[in-house]
Structure formats: C-alpha cells, structure tokens
Amino acid sequence: MDKISAGYDQLTRFWLDTAPARGVVARLDESLASALKHHDYPPAVVSLLKQLAGAAVLLASNLKQSAQVILQAQGTGEVPLLCVEATDELTFRVYASVREGAVLPEAANITTLVAPDGKGRFVLTIAPSNGQMYQGIVALQSSSETSDGSIAALLEDYLSNSQQTETRMWLREDGDVMEAMLMERLPDRSEDAATPAWNTVTAQADAIFKEHFMPFPYSEWLQFSFAGHDVKVHPSQPVSFACSCSIERVLNALKLVGEDELKSLIVENGKIETRCEFCGKGYEVSAIQFSELFHGVEASYLPGSRTIQ
Ligand SMILES: [Zn+2]
C-alpha cells in the first residue's frame, strides 16, 4: 500500500457543499522524522518545529507558482530562531537555533522560548523563485484577549486579518504525527443560515482535533469528521522532507560573508568546512574554489603550490 492510501504524509484540499467553508488538511509523520533526524533539539523545540512545519505545508499548498513559504520566530530567548521552509511541491525543512546549555521546560509556547521579554517577532515570508518577495510580521506575545499564544492562534489571527476572511487553524501533535488543518469561511448569499453552518463545522473540527490521530485516508476521514455534511475532496498530494542546499548556495553564502572575513580560514586550513543548518550535509570549499569565487584563479596569497590541475 502506498503512503497516501495508508493515510500518511499527505495533504488534501476539500470543500463542503453544505456549509460556506473550504479547507486543507495535512498529516506529517515520516517526513517529520526525516527532517528532524539531522538535529538534536530539546523536546519543546521539536514540538514547535513540528507545529510550524504543519502550518507551513498548509500555507505552501496555496502557492500558485514556484515559491517557498518561510515561517520564522525570532527573539533573544533561549531559542533565538525557529525556522521552517516549505515549497509549492510540498517539501519542507526545519531548523532552530538553541543557546548552548539552554535548559528548556518540556511544554513551552513559542513566546516563552523565543522571546520571553515580549520583544520577539513572527515573520511569514512568501519567496517566489521569480518575482517580488512578500513578508508579513507579527509581534510575538504570550497571550492576549483573543489568543492563547499558540502557533495556531497566532496564524489564525494573522490570516483572518490579512486576508479579511475568517480563518481557523488546528495543529495536533500525537506521538510522531503532526496533523494540521486550515479552514476558511466562504462568502454566502444567505448570511443568516451561513453563520450557524460555519459554527457547526468549526465545532466539529474542534471536537475531532481533541481526539487521537486516525490513520485513514482523508477521503474517508473528512466525511467522518464532518458528519452530516457533504464533503468534496481533491486528490491527496504527498508531503515530504527535502533540503535544497547545494555547493552553489554555499559559495553564494560565502561570497556574502566576504573575502576578508574568510581569508584566515583558508590560510590556516587550506579549505573551509561548513554544514547545512537544515540537513547537516557537510560542504568543503577548497583554496582553489575560494580563489575562483573572489578572483577567478589568479589569487596570489594562497598557501601551498600553485599547481592547478
Ligand atoms: Zn541541506
């Protein structure tokens, strides 16, 4: 049985014929294990990265062109950065920066870890392969009148405000599985009837997300979850971990750091060793590659022989 029929690592868009709502739901399991196996993060950080990954994949499914959704939480706490990137092809990768020696509580929300001083920010970036980048920024607050400080609540608020459409998000972690769902309220001609219908389906979603994860294909799970409604589904799409790092990207990054900053490493070691923050893959840049990057092949300060093969 393939992963989609088995109910794993998949995303499904759906709409309800009997309520003014459409949505997208995704389950991440082996893909998450693959994304996280390159890291050794504390459980609280793993939990937040899983939630961000679920949310990022949902948002990426809305991309209309080759692009990335990047979700970042930035602050000065024990975890100064959480970063998840997802692509329009529903691949994703995760990274966190954790201060050395940090002791974190097992259950902590994003603000406690990233910005306990209340001065952090949550950044949502849409980066197309070609074209203008879009960025939305929200202050990281532990809780407010309308929000409990969770990642789902933070994104619900942000999306409802920026798109002027009532939006709900659910994120459920159950063992190694992350299940994520987003629902948007659609305009309806008969507003009076529409409000109860929207409230009914979101209450059904609230209830189902309190239960344990059920490994059914979404074609079955959605009809079961929204009992009494007519649910239409698009074919499920696979979700997977993938890292887009390459030697070209490493060289570009080194170029941004600049020759003066890096020259001593080359003189000392004859090479620069670096590691992809997302997947842990090691890259080695030789003195010759370094010289080519900044000067073509004519650098004069390189150590050792000048024999370029
Ligand atoms: Zn990588």
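These are my notebook entries on a zinc site and three helix pairs in a predicted model.

**Entry 1: the zinc site**

I began with the metal. Which residues hold the zinc ion? I found four cysteines coordinating through their SG atoms: Cys243, Cys245, Cys276 and Cys279, at 2.2 to 2.3 Å. Next I checked the geometry. The angles subtended by the four donor atoms run from 104 to 114 degrees, so I wrote the arrangement down as tetrahedral; the cut-off here asks for all angles to lie between 85 and 135 degrees. Along the sequence, the donors follow the spacing C-x1-C-x30-C-x2-C. I then looked at where two of the donors sit: cysteine 243 is in the loop between strand S12 (240–241) and H8, while cysteine 279 is in the loop between strand S13 (271–275) and strand S14 (282–286). The two are 36 residues apart, and the pair links distant parts of the chain.

**Entry 2: H8 against H10**

From the zinc loop I moved on to helix H8, residues 247–257, and its packing on H10. The axes lie 11 Å apart, at an angle of about 60 degrees. That angle makes H8 oblique to H10, and I noted the crossing as right-handed. Which side chains meet here? On the H8 side I listed Ile247, Leu251, Leu254 and Lys255, and on the H10 side Gln289, Leu293 and Phe294. Sorted by class, the residues of this contact are five nonpolar, one polar and one charged.

**Entry 3: H9 against H10**

H10 (residues 287–295) also has helix H9 (residues 259–269) as a partner, so I looked at that pair too. Their axes come within 11 Å and cross at roughly 160 degrees, which makes H9 roughly antiparallel to H10. The crossing of H9 and H10 is left-handed. From H9 I noted Glu259, Leu262, Lys263 and Ile266, meeting Ala287, Phe290, Phe294 and His295 of H10. The class count for H9 with H10 is five nonpolar, one polar and two charged residues. A nice detail for the margin: Phe294 of H10 appears in the contact with H8 and again in the contact with H9.

**Entry 4: H3 against H5**

Last, I went to another part of the chain, to helix H3 (residues 43–60) and helix H5 (residues 151–163). Their axes are 10 Å apart, with a packing angle of about 30 degrees. This makes H3 roughly parallel to H5, and H3 passes H5 in a right-handed crossing. What does each helix bring to the contact? H3 brings Leu48, Gln51, Leu52, Ala55 and Leu59; H5 brings Ile151, Leu155 and Leu159. I counted seven nonpolar residues, one polar and no charged ones in this contact.

Notes. Residues numbered from 1 in each chain as written. Predicted model: local features only at pLDDT ≥ 70, side-chain atom pairs only at ≥ 80, totals over all residues. Heavy atoms only, no water. Axes fitted to C-alpha atoms, helices over the stretch in contact; angles between N-to-C directions. Helix = DSSP H or I, 4+ residues; strand = E, 2+ residues; numbered from the N terminus. Parallel < 35°, antiparallel > 145°, perpendicular 65-115°, else oblique. Left-handed = near helix turned anticlockwise from the far one by under 90°. Contact = heavy atoms within 4.5 Å. Nonpolar A, V, L, I, M, F, W, Y, C, P; charged D, E, K, R; others polar. Donors = N, O, S within 2.8 Å, 3.2 Å for Na, K, Ca; no water. Tetrahedral: all angles 85-135°; square planar, octahedral: opposite > 155°, others 65-115°.
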